[in-house]
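Me: I should like to study this protein structure through a series of questions. Please show it first.
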Amino acid sequence: MGLQHFFYNNFDKIINWRIFAIAHYFKTTKVTSMRKAKVNINDEKLQVSSEILRALAHPLRMKILEFIDENDTINVNKIYNTLKLEQSITSQHLRILRLAGLVITERDGKFIHYKLDYDKLSNAMEAIDSFLEQEVN
Amino acid sequence: MRKQKGETIVLKKGKQEIQLDYAELRKAVLVLRAINHKLRQRMIDLLEEYEKMTVTDIYIKLRLEQSVASQHLAILRRAGVVSTERDGKFIYYGLDKDRLSQISKLVEELAA
């Protein structure tokens, strides 16, 4: 019983299997050639926009944004004193907002003042709102 | 649809008022989080290539456990990135290209 013998005896099975494989190949490649253009999402931009959204979607950070808005510019001490937060926590959240580019810092002597980047905020909210509007349809 | 108080803030000192709603922001976060994941991106690429696949096709191609594949597909489905279609006893997964281009537009605008 050599290998040749095996092929000879099982010829029809082997052929069937190969026809199946070829048919499967065409089935999968045909749709591939018909597909629409690939939607590319730039990874770097995805990271940037995820950071912005993550920074915004947080109740306490929203409260901090609201508080800075009410006061135009403000230093960290006043933020944590008024909102009754721990300084370390406040600084942590401000850092996240700053890295997302939503708040700007200005140094004035030994104080660091925080203010909102309104252009960035309104640009972000416009993009988010129009995205979510499409979702309803 | 009026938003619950306390979950919405309005920033008033800019050129125009900016309203932030926590629940809305969360929705957008979940969509970006769904696609910002290496394995789920591979699933998207695979569905891009084959158009329609069953869970079995997907987990075999990606050499995953079925449960893992199902979990990640569910996340993509909740984000609206993939949709399912029943054909007899098979459930086929496919990409929602329109949704993907909406997400792409969101990413472009946010990162601008």
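The questions and answers below treat helix packing, a nonpolar core, a sheet and one buried residue of this predicted model.

Me: Is helix H3 of chain A roughly parallel or roughly perpendicular to helix H5 of chain B?
Reply: Helix H3 (residues 43-56) of chain A packs against helix H5 (residues 97-110) of chain B at an angle of about 75°, with the axes 8 Å apart. Angles of 65 to 115 degrees count as roughly perpendicular. Therefore H3(A) is, with respect to H5(B), roughly perpendicular.

Me: Which residues of H5(B) does H3(A) meet?
Reply: By class, the contact between these two helices has five nonpolar, one polar and two charged residues. From H3(A) come Lys45(A), Leu46(A), Ser49(A), Ile52(A) and Leu53(A). Their partners in H5(B) are Val107(B), Glu108(B) and Leu110(B).

Me: Which helix gives the most residues to the largest nonpolar core?
Reply: This core has 66 residues, and Leu56(A), Leu65(A), Ile128(A), Leu20(B) and Val81(B) touch the most other members. Leu65(A), for example, touches residues of both chains, including Leu56(A), Leu121(A), Ile9(B) and Leu20(B). With eight residues, the greatest contribution to the core comes from helix H7 (residues 118-136) of chain A.

Me: Which strands stand at the edges of the open sheet in chain B?
Reply: The three strands of this sheet have the order E3-E5-E4, with antiparallel pairing. An edge strand has a single partner strand, so one of its sides is left without a neighbour in the sheet. The strands in that position are E3 (52-54) and E4 (82-87) of chain B.

Me: Which residue in E5(B) stands opposite Arg86(B)?
Reply: E4(B) and strand E5 (residues 90-95) of chain B run antiparallel and are joined by six bridges. Across from Arg86(B), in E5(B), stands Ile91(B).

Me: At about what angle to E5(B) does helix H2 of chain B run?
Reply: Helix H2 (residues 38-50) of chain B lies across E3, E4 and E5 of that chain. Its direction relative to E5(B) is at about 100°.

Me: Is Ile68(A) buried or exposed?
Reply: Ile68(A) has its place in helix H4 (residues 59-71) of chain A. Among the residues that Ile68(A) touches are Ile74(A), Ile79(A), Leu94(A) and Tyr114(A). The relative accessible area of Ile68(A) is 0%, and under 20% counts as buried. Ile68(A) is therefore buried.

Me: What separates the C-alpha atoms of Ile68(A) and Tyr114(A)?
Reply: These two residues touch each other. Along the chain they are 46 residues apart. Their C-alpha atoms are separated by 7.2 Å.

Conventions
Residues are numbered from 1 along each chain as its sequence is written. Chains are lettered from A and ligands numbered from 1 in the order in which they are written. This is a predicted model: local features need pLDDT of at least 70, side-chain atom pairs count only at pLDDT 80 or more; totals for chains, interfaces and linings use all residues. Side-chain values use heavy atoms; hydrogens and water are left out. Axes are lines fitted to C-alpha atoms, for helices over the stretch in contact, and angles run from 0 to 180 degrees between N-to-C directions. Helices (H or I, at least four residues) and strands (E, at least two) are DSSP runs, numbered from the N terminus. Angles under 35 degrees count as roughly parallel, over 145 as roughly antiparallel, 65 to 115 as roughly perpendicular and the rest as oblique. Contact means heavy atoms within 4.5 Å. Ala, Val, Leu, Ile, Met, Phe, Trp, Tyr, Cys and Pro count as nonpolar, Asp, Glu, Lys and Arg as charged, and the others, Gly among them, as polar. A nonpolar core is a set of buried Ala, Val, Leu, Ile, Met, Phe, Trp, Tyr and Cys residues joined through side-chain atoms within 4.5 Å. Buried means under 20% relative accessible area, exposed over 50%, partly exposed in between (1.4 Å probe, protein chains only). Two strands pair if DSSP finds at least two bridges between them. Lists of a residue's contacts leave out its neighbours within four places in sequence.
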